[in-house]
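Got the viewer open? Here's a tour, one selection at a time, with a note on what turns up at each stop.

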Amino acid sequence: MKKISLLLSLFIIFSCAKDSSELTVYTSRQPQLIEPIVEQFTNETGIKVNLLSGNAQELMERIDIEGEDSPADIFMTVDAGVLWQAAERDILAKIDSEILNENIPAHLRDSKNEWFGLSKRARTIVFSSDQFKDNDFSTYEDLADPKWKGKLCLRTSKKVYNRSLIASMIDAYGFDKSKEVVSGWISNLATEVFSNDTNALKAVSSGQCGVTIVNTYYLARLLDDPEYNNLSLFWANQSDRGVHVNISGAGVVKTSKNKKNAVLFLEYLSSNKAQDFYASANKEYPVLIGAKIDESIENWGSFSEHTINVSKLGSLQKEAVFLAQEVGYK
Ligand code: FE
């Protein structure tokens with residue numbers, strides 16, 4: 001009997017300890033991009049992190065269904081449009097953290113503090129250096145000019161990345177002017193839209209088209225292969241609002257029983273020691289000013305970015321979808 005109660009109390013102590021020293025992260029990011037940083041966090045803090053990977057929409061659904069019993073402490077994903085949806089579904093907690101506010105520029109986090117950008121993803125112009133030169137390009141809007149007829153390749157507007165790009169234009173110019181621009185893009189298409197950025201880049205490299213708009217990390221990956229060294233990056237809109245920037249980010253789940261450690265984890269990811277690495281893992285850009293960028297993308301130089309608050313990319317998402325439909329952008 002004594003033995004049993006000893007075992008029972010040990011179990012209770014163990015499970016209490018377990019509650020306070022473990023975190024569960026629901027993430028749509030590829031595990032290999034975050035595992036090393038998670039390991040570093042565990043080594044430094046003793047807090048174990050369980051990763052549950054999946055599709056962002058399914059993970060949000062799951063948190064919703066699990067309700068109060070959800071083991072999720074953190075929801076991590078890519079694109080402000082998706083994080084905005086999570087906040088709309090009311091599954092994220094408001095977090096008041098001086099460290100997060102200090103490390104993450106205001107335009108890269110939710111204005112209501114429900115989610116935070118942890119890396120920056122720039123979406124810009126990439127062209128074939130066999131066909132064009134740097135000074136042939138200026139802005140996203142210029143790609144609507146008839147001089148680009150039959151030269152432009154685009155990824156589908158069904159991808160949230162392009163919806164967010166269109167949302168950023170709606171914010172800058174309003175619906176009608178943005179519609180004109182996107183309609184011009186569609187008239188200039190060399191071929192059907194692509195299902196992903198990599199295929200759009202390959203089409204530029206092979207000469208099927210001359211220019212496209214992609215997230216820079218896809219270009220960085222392809223440039224590891226000399227076959228694609230005719231692909232050149234151009235930083236769009238440098239003389240006006242700047243390059244369209246999106247984020248990967250995360251928020252603390254409203255029903256988390258470990259909010260303190262969850263915040264600690266986000267603070268860690270925004271810190272200097274994590275930022276260099278976190279952004280580099282996917283050849284993205286750090287959100288923390290002054291953090292190192294990956295060597296392989298250093299030669300693209302610095303760029304000025306559109307400092308629209310990324311929450312707007314979410315709130316204008318519906319309008320962006322409607323605009324794409326109106327102009328027949330599949
Ligand atoms: Fe991507």
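Before you click on anything, one cut-off: a residue counts as buried when its relative accessible area is under 20%, as exposed when over 50%, and as partly exposed in between. Keep in mind, too, that you're looking at a predicted model.

**Stop 1: glycine 251**

Select glycine 251, which you'll find in strand β8. Is it buried or exposed? Its relative accessibility is 0%, so glycine 251 counts as buried. Now show what surrounds it: leaving out residues up to four places away in sequence, glycine 251 touches Asp73, Ile74, Phe75, Leu92, Glu114, Trp115 and Leu266. Pick out leucine 92 from that group and draw a distance between the two C-alpha atoms. You should get 6.1 Å, for a pair 159 residues apart along the chain.

**Stop 2: valine 310**

Next, select valine 310 in helix α12, residues 310-315. With a relative accessible area of 1%, valine 310 is buried as well. Its contacts, again not counting residues up to four places away in sequence, are Ala80, His107, Leu108, Arg109, Trp115, Val245 and Ile247. Trp115 may ring a bell, as it was also among the residues touching glycine 251. Try another C-alpha distance here: valine 310 to valine 245 comes out at 8.3 Å, with their positions 65 residues apart along the chain.

**Stop 3: two aspartates with positive phi**

Time to look at the backbone. Most residues other than glycine have a negative phi. Select aspartate 79, though, and you'll see a positive phi of about 80 degrees. Aspartate 79 sits in the loop between β3 and α4, and at 0% relative accessibility it counts as buried.

Then jump to aspartate 90, which has a positive phi of about 65 degrees. Aspartate 90 is in the loop between α4 and α5. How does its accessibility come out? At 43%, aspartate 90 counts as partly exposed.

**Stop 4: the annotated tyrosines**

Select Tyr217 and Tyr218. The UniProt record, an unreviewed entry, covers both with the annotation "binding site". Turn on a pocket display if you have one: Tyr217 and Tyr218 are part of the lining of the largest pocket.

Take tyrosine 217 on its own. It is in helix α9, residues 216-222, and counts as buried at 2% relative accessibility. Setting aside residues up to four places away in sequence, tyrosine 217 touches Arg121, Tyr161, Asn282, Lys283 and Glu284.

Now tyrosine 218, which also lies in helix α9. Tyrosine 218 is buried too, with a relative accessible area of 12%. Which residues does it contact, leaving aside neighbours within four places in sequence? They are Arg155, Tyr161, Asp197, Thr198 and Leu201. Tyr161 is worth highlighting: it touches tyrosine 217 and is in contact with tyrosine 218.

**Stop 5: α2 and its helix partners**

Hide the side chains and go to cartoon. Two packed helices are described by the angle between their axes and the distance between the axes.

Colour α2 (residues 31-45) and α10 (residues 259-270): their axes come within 11 Å and cross at roughly 120 degrees. The crossing is right-handed. To see the contact, show Ile37, Val38, Gln40, Phe41 and Glu44 in α2 against Leu264, Phe265, Tyr268 and Leu269 in α10.

Keep α2 and add α11. These two pack at about 160 degrees with their axes 9 Å apart, which means α2 is roughly antiparallel to α11. On the α2 side the contact is made by Ile34, Pro36, Ile37, Gln40 and Glu44, and on the α11 side by Lys273, Ala274, Phe277 and Tyr278. This crossing is right-handed.

Stay with α11 (residues 272-280) and select its buried residues: Ala274, Gln275, Tyr278, Ala279 and Ser280. What covers them includes α2, β3, β4, β8, α10 and β9.

**Stop 6: α7 and α13**

Last selection: α7 (residues 175-188) and α13 (residues 317-326). Their axes are 10 Å apart, at an angle of about 45 degrees, so α7 counts as oblique to α13. The crossing is right-handed. Show the side chains once more, and you'll see Phe175, Ser178, Lys179 and Val182 in α7 meeting Glu319, Phe322, Leu323 and Glu326 in α13.

Key: Residues are numbered from 1 along each chain as its sequence is written. This is a predicted model: local features need pLDDT of at least 70, side-chain atom pairs count only at pLDDT 80 or more; totals for chains, interfaces and linings use all residues. Side-chain values use heavy atoms; hydrogens and water are left out. UniProt positions are given in the numbering used here, feature names are shortened, and annotations may be inferred rather than shown by experiment. On a 1 Å grid over the protein atoms alone, a cavity is a set of points where a 1.4 Å probe fits but cannot get out, and a pocket is an open set with protein on both sides within 12 Å along at least five of seven lines; lining residues have an atom within 4 Å of a point. Helices (H or I, at least four residues) and strands (E, at least two) are DSSP runs, numbered from the N terminus. Buried means under 20% relative accessible area, exposed over 50%, partly exposed in between (1.4 Å probe, protein chains only). Contact means heavy atoms within 4.5 Å. Axes are lines fitted to C-alpha atoms, for helices over the stretch in contact, and angles run from 0 to 180 degrees between N-to-C directions. Angles under 35 degrees count as roughly parallel, over 145 as roughly antiparallel, 65 to 115 as roughly perpendicular and the rest as oblique. A crossing is left-handed if the near helix is turned anticlockwise from the far one by less than a right angle, and right-handed if clockwise.
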